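Open the model in your viewer and keep the sequence panel beside it. The stops below say what to select next and what is there.

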Amino acid sequence: MRILIADDHPIVASGCRTVLADEPEIDLLEASDAESAEQLFLAQQPDIVLIDINLPTVSGFELARRVLAKDPQARIIMFSMNDDPVYVARAIEVGAKGFVSKTGDPQDLVEAIREVGKGGTYLPSALARSVAFAGPTVARNPLSRLNAREMEILRLLSTGKSLSEIAWLVHSPYKTVANTSAIIRQKLGLRTSAELVRFAIESGVS
């Protein structure tokens, strides 16, 4: 089984190699950003793509979208320090077959790879429970009103990117990104672009 790890932290990639060392049938490929990961995916056609949400430039959500646009059958596991139910829901929405927290049991990663590799889905039991019972909490979180693409644009705004820069990064026309920015403001009840950028920074989506 060939697995592509997209994560910009060398220590995380090293940890994954250690966790999977007892799985001799697994061959690991590594990329440190969405662009190189996308190129490796196209060149090597891995069986599973393990994607960190917080990649440099565009996020893991955007990388997952690009991978699935190239291959709708791609098996993706999202991997993050943030196990907020909103992020888990967005990972599922974008098409991930599994979600594993970096702060969880390392065995969760092994189980996720086994299940997703067999064509199934995987959430660690503790995370599945938190998502199942998080309804009211999620509903109160303004981020729950945004879909994965809107979350990506909000995240890029929080890093100081202009709309034209965002359009280039997410491979979309400027007008589409500007319209999406307006929709985000409407969903969040914000009036100006400055308010939206402030909200993006304060919400910690970066």
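Select lysine 175, which sits in helix H10. This is a predicted model, so every value given here is computed from predicted coordinates. Is lysine 175 buried or exposed? Its relative accessibility is 62%, and because exposed means over 50%, lysine 175 counts as exposed. Now add leucine 163 to the selection. The two residues are 12 places apart along the chain, and their C-alpha atoms are separated by 9.1 Å.

Stay with helix H10, which covers residues 174-188, and select arginine 185, found in that helix. Draw a distance from its C-alpha to that of leucine 196: the viewer should give 6.3 Å, for two residues 11 apart in sequence. Which residues does arginine 185 touch, leaving out those up to four places away in sequence? They are Leu190, Arg191, Thr192, Ser193 and Leu196.

**Two backbone angles**

Go next to histidine 171, in the loop between helix H9 (163-169) and helix H10. Its phi is near 60 degrees, a positive value in a residue other than glycine. Most residues other than glycine have a negative phi. Histidine 171 counts as exposed, at 54% relative accessibility.

Threonine 57 is another such case, with a positive phi near 55 degrees. Look for threonine 57 in the loop between strand E3 and helix H3 (60-70). With a relative accessible area of 37%, threonine 57 is partly exposed.

**The strands**

From that loop, step back to strand E3, residues 48-52, and show strand E4 with it. The two strands pair in the parallel sense, over four bridges. To see one pairing, select aspartate 52, whose bridge partner in E4 is phenylalanine 79.

Now select E4 alone, residues 76-80. How many of the five residues of E4 are buried? Five of the five are, so the strand is largely enclosed by the rest of the structure. Show the side chains: Ile76, Met78 and Ser80 point one way, while Ile77 and Phe79 point the other way.

Strand E1, residues 2-6, can be viewed in the same manner. Four of its five residues are buried, so E1 too is largely enclosed by the rest of the structure. E1 pairs with strand E2 (residues 27-31) in the parallel sense, over five bridges. Within this pair, leucine 4 stands opposite leucine 29 in E2.

**The nonpolar cores**

In soluble globular proteins, nonpolar side chains tend to be buried together. Here the largest nonpolar core has 48 residues. Select Ile51, Leu63, Ile76, Met78, Leu143 and Leu154, the members with the most contacts inside this core. Helix H8 (residues 148-158) supplies the largest share of the core, six residues.

Pick leucine 63 from that group. Not counting residues up to four places away in sequence, leucine 63 touches Ala6, Ala34, Ala37, Glu38, Ile51 and Leu55. Another core, of 17 residues, lies apart from the largest one, and its members include Ile5, Val12, Ile77 and Val100.

**The pocket**

Turn on a surface and look for the largest pocket, which holds about 200 Å³ of space. Its lining has 13 residues, and Gly15, Val19, Phe79, Lys102 and Pro106 are the ones that lie nearest its centre. The elements that give two or more residues to this lining are helix H1 (10-19), strand E5 (98-101) and helix H5 (106-117). Which element gives the most? H1 does, with five residues. Colour the lining by class to find eight nonpolar, three polar and two charged residues.

**The cavity**

For the last stop, cut through the surface. There is one cavity of 30 Å³ or more, and the space in it is about 70 Å³. To find the cavity, select the residues that line it: Ile53, Asn54, Ser59, Phe61, Tyr87, Met151, Glu152, Arg155 and Val205. Helix H8 gives the largest share of this lining, three residues. By class, the cavity lining has five nonpolar, two polar and two charged residues.

Methods
Residues are numbered from 1 along each chain as its sequence is written. This is a predicted model: local features need pLDDT of at least 70, side-chain atom pairs count only at pLDDT 80 or more; totals for chains, interfaces and linings use all residues. Side-chain values use heavy atoms; hydrogens and water are left out. On a 1 Å grid over the protein atoms alone, a cavity is a set of points where a 1.4 Å probe fits but cannot get out, and a pocket is an open set with protein on both sides within 12 Å along at least five of seven lines; lining residues have an atom within 4 Å of a point. Grid points are joined across faces, edges and corners, and a volume is the space filled by probe spheres set on the points. Ala, Val, Leu, Ile, Met, Phe, Trp, Tyr, Cys and Pro count as nonpolar, Asp, Glu, Lys and Arg as charged, and the others, Gly among them, as polar. A nonpolar core is a set of buried Ala, Val, Leu, Ile, Met, Phe, Trp, Tyr and Cys residues joined through side-chain atoms within 4.5 Å. Buried means under 20% relative accessible area, exposed over 50%, partly exposed in between (1.4 Å probe, protein chains only). Contact means heavy atoms within 4.5 Å. Two strands pair if DSSP finds at least two bridges between them.
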